[in-house]
Amino acid sequence: SYALSNRTLYPYSFGMNTPTFFSVGAFAALIDHNGWSRIGVFYDPSLPVYYDIYRTFLNAMENKTVEFAFTSYVSLDYLPLAGLKDTYVRIIFSFLARELQEKVLCLAYHMNMTYPRYQ
């Protein structure tokens with residue numbers, strides 16, 4: 001949403017609207033380039049396209065030295081941000097429909113997960 005992309009309120013938030021399936025290789029290169037070693041991942045198994053993107057991402061990460069500190073499915077009834085908050089992971093990838101991404105971001109805001117540790 002427009003409100004969540006306000007860089008004054010959320011200076012560490014980042015999002016992409018490009019076709020995610022084609023960006024998986026770029027995600028892997030971004031992880032390598034920045035030397036990120038711990039990441040979190042959210043995915044939606046109820047929509048085949050997002051689950052396939054998630055699996056493609058896992059395949060792209062197969063030969064990388066990255067710890068998946070937190071990996072979870074997400075649904076409208078299940079938003080496991082408390083588990084994510086406990087891992088202290090800073091880099092989070094989500095393979096979710098826009099509506100679900102907005103719910104996750106709003107819940108993260110209400111859980112005070114908006115400071116620089118979360119990007």
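This is a short tour of the structure above, moving from the whole chain to two helices and a group of aromatic rings.

Before selecting anything, note that this is a predicted model, in which local features need pLDDT of at least 70 and side-chain atom pairs count only at pLDDT 80 or more, while totals for chains, interfaces and linings use all residues. Residues are numbered from 1 along each chain as its sequence is written, and side-chain values use heavy atoms, with hydrogens and water left out.

**The whole chain**

Begin with a cartoon view, in which you can look for four helices and three strands; helices (H or I, at least four residues) and strands (E, at least two) are DSSP runs, numbered from the N terminus. Followed from the N terminus on, these elements run α-β-α-β-α-β-α. Of the 119 residues of the protein, 31% count as buried, where buried means under 20% relative accessible area, exposed over 50%, and partly exposed in between, with a 1.4 Å probe and protein chains only. Among contacts with a separation of 6 or more, 76% come from residues 24 or more positions apart, a contact being heavy atoms within 4.5 Å.

**Helix α2**

Next select residues 48-60, which form helix α2. The helix has 13 residues and reaches 18 Å from its first C-alpha to its last, close to the 18 Å expected at 1.5 Å a residue; the expected span is 1.5 Å times one less than the number of residues. Which residues of α2 are buried? They are I53, Y54 and F57, and they cover an arc of only 100° around the axis, which puts them on the same side of α2. The arc is that of the directions from the helix axis to the C-beta atoms. Turn the helix to its opposite face, away from the buried side, and you will find the exposed residues P48 and N59.

**The aromatic rings**

Keep F57 selected and show its side chain; F57 is buried, with a relative accessible area of 0%. A pair of aromatic rings is described by the distance of the centres and the angle of the planes. Here, rings of Phe, Tyr and Trp (its six-membered ring) pair if their centres lie within 6.5 Å, and planes under 30 degrees apart count as stacked, over 60 as edge-to-face and the rest as tilted.

A search of the whole structure finds nine aromatic pairs. In one of them, the rings of F57 and F68 have their centres 6.3 Å apart and their planes at 85°, so the pair is edge-to-face. This pair links distant parts of the chain, since F68 sits in strand β2 (residues 67-73), eleven residues from F57. F68 is partly exposed, with a relative accessible area of 29%.

Now add F93: the rings of F57 and F93 have their centres 5.1 Å apart and their planes at 40°, so the pair is tilted. F93 lies in strand β3 (residues 91-95), and so its pair with F57 in α2 ties together parts that are 36 residues apart in sequence. F93 is buried, with a relative accessible area of 8%. Adding F27 and F95 to the selection completes one aromatic cluster with F57, F68 and F93.

**Helix α4**

Finally, select α4, where L100, V104 and A108 are buried. Seen down the axis of α4, the buried residues fall within an arc of 75°, so they line one face of the helix. These buried residues pack against β1 (38-43) and α3 (81-87), whereas the face turned away from the buried side carries the exposed residues E99 and H110. The helix is followed by N112, whose phi is positive, near 60°.
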